[in-house]
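Reader: I would like to go through a structure with you, step by step. Could you begin with the vocabulary and then turn to the contacts?

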Amino acid sequence: MQCNELRKHFADYVKEQLPAAVQTRLAQHLTECGSCTAELDALTDVWVKLGTLPVPEAAVAAMNSRFHEALEDYRRNPKPASRAEIWYWAAGAAASVLLVFLVSMYFLRGPSQVSTATVAEVDGAIYRTWGGTTDRLEAGAPIKLGEELRSEGGAVFALADGSLVEMRSKSVVTLESAIDGLRIRLKQGSVIVTAAKQREGHLYVQTKDFTVSVVGTVFLVNAEESGSHVAVIEGEVHVLQGETAQTLLSGEQASTAPTMAVRPVAEEISWSRQAMEHVALLTQLQGVPTLAVPQPPSVAPAFEVAAILPGDPDNPLGGYRFVTETVTLHNQSLKNIIVQAYGVKDHQVIGPDTLASEKYSITARAPSGTPNAQLRSMLQSLLVDRFKMVVRRETRGVPGFALVVSDSGPKIKEIGGDSSSDSSSWQGGGTVFPSSMEFTGPMSSLVKELSPKVGNQSVVDRTGLTGRYSFALTYGSAGPSLATALENELGLKLEPTSTPVEFLVIEHIEKPSEN
Amino acid sequence: MLREWTDESLMVAVREGDLDRLEILFERYRDPLYDFFSRLTGNRVASEDLVQDVFVRILKYRGTYRESNRFVTWMYQIGRNARADYFRKHTAPPDMIPLPTSAKDLKTPGRQLEESEERALLQSALMQLSETNRELLILARYQEMKYEDIADLFKIEVGAVKTRVHRAVNELREIFMNLQNKGSSCSATSSENTLPTT
């Protein structure tokens, strides 16, 4: 009888979750019962051996990239499940997985039998390599998925959607199918992409270092051995590097390696046969105000048409997208609309309670040819014109953290080298798994990494440590907290402090005027 | 004080439109989910696809999440549905680890490799467990889920979970020992055949 009762707790025993009271009784019983002792030993043996079974490494970079592509896609075109879909999902629908599978199978078949692009212009020569053979292409030649193109002299090819890709001499690209569009894989050299409006799906340019996704814009991508570089001539691109995403607007550029020379965008594109046109476009758009500067209504650009409808405050679902010439905000609180218009964080907007309690849906169309960079400025104008919003900027000290050296001194050792090897990665976390971080870089980078871990509060570096450091840190779950791990393992601590943050103070806002 | 974002508060933020927070949840659960699917299916590519599918579904069904639900339980429920759907449509046999069906298939001689041979047999035994028992064991052993959460996930009593985990380990041990015995008897036969006659 006692055996059967105590055996119910064997599962707790192997998981080390045995209540203390049962533990004493079990220990006593085991001294008397050989059968239970043998069974428990055998169970524990298997349980421990299970812990030694390995799992092959996943393709983490590819998983990250796919996730971010899906997230970006959803941001631009949110498709919440309908009631019918929710029911269907509960019943076990598999449409999205099937799609992934079909696309994977499509990839595995090799190059597409359907031409995806056409050679438009050739200055020198353009060569195509597939299946071990190489041939020279003339203007008008079709290009299929999976074929590698190498330019000797300049060349331009046109995609089926009307986008143009100009290759610099000695550049190498391959066209690939992406889950939701087309990917140009740039292996070396430079391309300037004049992307057509992507009605459905996306166009990507991928190098070994990052992925650039666009909806409709003009930009340059350069891939070198030391790193990759992107420069935006018109519009807006999204750059995904590892787990970091950033948005670049007209005239902005980014490199993955500090050793890459950064020159003005106009210089970067000087090799292009369209250089003069691109520079003219760039000059014209440089006057576009940045998102952070609110425009006086008298000079700010305005939407051609804008419809504003009351939303449903009880419905938690909502979404927004900024695609070429159109802004759609579905069931967004006034606060979220302001956040989107000014490109600030939620906590940087201060105002009356109605900012949170009132929701609206807005569909607005900009004049033809309006660059994406202007859409947010237009949304600011709409708030001023239709909601009679009055806003002022104010800098306030807010609670944040200062990273300082603890009383016992730093426990991390300075390493040599330059910032080319800087990196950081986080894994695990939450209530079930401990978090672990591997970091290489200066303290100025570490504080940026720590901010999301402390509720996105500002973290400033006051360590006085000027070198570069490399370490691994584990915390959370049943282990030490982040603060304790920082202090015990690194000799650093986070001290509460006041940091300056700019706020938008909404002094007046009212219900929108009639459509 | 440091503010620690719980899984639940992150998911509520995602539900209400702050999609940046999903990146934190992805960062937290990418590896555990991959581990779960790969141990369950033995197929690396399918496991990567399934992790992606889980997060696409979280986005799509974010409106159905309620604060009263533990996020981890809700997520694994989505994961179980995704896996069931996937294998209704596809065949994805184990492809990650060589899985000998018995010790006789292990050709590696030498005591120094005994442990790796034992691991291969145990892996094989795990894949021969009934699907439900394998799932339970993986959640309890590798995902370190509390029995209470597993009970919530399987919609059964906590006591029933403990009993089933106990049985699953026993069943695994039995299969494992059978595989070892097959190997031993085969090795013995083989040794007898190769002994020199005097």
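Author: Let us begin with a definition: a residue is called buried under 20% relative accessible area, exposed over 50%, and partly exposed in between. Please also keep in mind that this is a predicted model.

Reader: Where does A:Arg392 fall, at 34% relative accessibility?

Author: A:Arg392 counts as partly exposed, because its relative accessibility of 34% lies between those two cut-offs.

Reader: Which residue does the side chain of A:Arg392 meet in a salt bridge?

Author: Its partner is A:Glu507, with 2.3 Å from N to O. A:Arg392 belongs to strand β22 (residues 390-405) of chain A and A:Glu507 to strand β28 (residues 492-508) of chain A, so this salt bridge ties together parts that are 115 residues apart in sequence. A:Glu507 is partly exposed, with a relative accessible area of 46%.

Reader: How many salt bridges are there over all chains?

Author: The count comes to 32 over all chains. One of them joins the side chains of A:Glu152 and A:Lys170, at 2.9 Å from N to O. A:Glu152 is in strand β5 (residues 148-152) of chain A, while A:Lys170 is in the loop between β7 (164-167) and β8 (172-178) of chain A, so the pair connects parts that are 18 residues apart in sequence. The relative accessible area of A:Glu152 is 31%, so this residue is partly exposed.

Reader: Let us move to chain B. What does B:Arg70 form a salt bridge with?

Author: B:Arg70 forms a salt bridge with B:Asp149, and their closest N and O atoms are 2.5 Å apart. B:Arg70 lies in the loop between α3 (44-60) and α4 of chain B, and B:Asp149 lies in helix α7 of chain B, so the bridge ties together parts that are 79 residues apart in sequence.

Reader: Is B:Asp149 buried or exposed?

Author: B:Asp149 is buried, with a relative accessible area of 9%. B:Arg70 is partly exposed, at 28%. There is also a network in which salt bridges with shared partners join A:Glu72, A:Arg75, B:Asp20 and B:Glu23.

Reader: What about the rest of helix α7 of chain B: how many of its residues are buried?

Author: Six of the eight residues in this helix (residues 147-154) are buried, so the helix is mostly covered. Among them are B:Tyr147, B:Ile150 and B:Phe154. A:Lys15 lies over the face of B:Tyr147, at 5.6 Å from the ring centre. After the helix comes B:Lys155, whose phi is positive, near 60 degrees.

Reader: A new topic, please. Where is B:Asp35 found?

Author: B:Asp35 is found in helix α2 (residues 20-41) of chain B. The residue is buried, with a relative accessible area of 16%. Its side chain makes a polar contact of 3.0 Å with the side chain of B:Arg39. Leaving aside neighbours within four places in sequence, B:Asp35 is in contact with A:Val55, B:Tyr142 and B:Gln143.

Reader: And which ring does the charged end of B:Arg39 sit over?

Author: The charged end of B:Arg39 sits over the ring of B:Tyr142, 3.5 Å from its centre.

Reader: How many aromatic pairs are found over all chains?

Author: Twelve aromatic pairs are found over all chains. One of them is the tilted pair of B:Phe36 and B:Phe37, at 5.3 Å centre to centre and 50 degrees between the planes. Another tilted pair is B:Phe71 with B:Trp74, at 6.3 Å centre to centre and 50 degrees between the planes.

Reader: Why are B:Phe71 and B:Trp74 separated by about one helical turn?

Author: They are three residues apart in helix α4 (residues 71-89) of chain B, hence the separation of about one helical turn. An α-helix has 3.6 residues a turn, so residues three or four places apart point the same way. B:Phe71 is buried at 0% relative accessibility, and B:Trp74 is buried at 10%. Ring pairs link both of them with B:Tyr29 and B:Tyr65 into a cluster.

Reader: Finally, which residues touch the most other members of the largest nonpolar core?

Author: They are B:Phe55, B:Ile58, B:Leu137 and B:Val165, in a core of 77 residues. Helix α2 of chain B gives the most to this core, with ten residues. Not counting residues up to four places away in sequence, B:Ile58 touches B:Phe71 and B:Trp74, among others.

Technical notes: Residues are numbered from 1 along each chain as its sequence is written. Chains are lettered from A and ligands numbered from 1 in the order in which they are written. This is a predicted model: local features need pLDDT of at least 70, side-chain atom pairs count only at pLDDT 80 or more; totals for chains, interfaces and linings use all residues. Side-chain values use heavy atoms; hydrogens and water are left out. Buried means under 20% relative accessible area, exposed over 50%, partly exposed in between (1.4 Å probe, protein chains only). Helices (H or I, at least four residues) and strands (E, at least two) are DSSP runs, numbered from the N terminus. A polar contact is a pair of N or O atoms within 3.5 Å; within protein, one must be able to donate a hydrogen and the other to accept it, and residues adjacent in sequence count only if both atoms are side-chain atoms. Contact means heavy atoms within 4.5 Å. Rings of Phe, Tyr and Trp (its six-membered ring) pair if their centres lie within 6.5 Å; planes under 30 degrees apart count as stacked, over 60 as edge-to-face and the rest as tilted. A charge sits over a ring if NZ of Lys or CZ of Arg is within 6 Å of the ring centre and within 35 degrees of the ring normal. A nonpolar core is a set of buried Ala, Val, Leu, Ile, Met, Phe, Trp, Tyr and Cys residues joined through side-chain atoms within 4.5 Å. A salt bridge is a side-chain nitrogen of Lys or Arg within 4 Å of a carboxyl oxygen of Asp or Glu.
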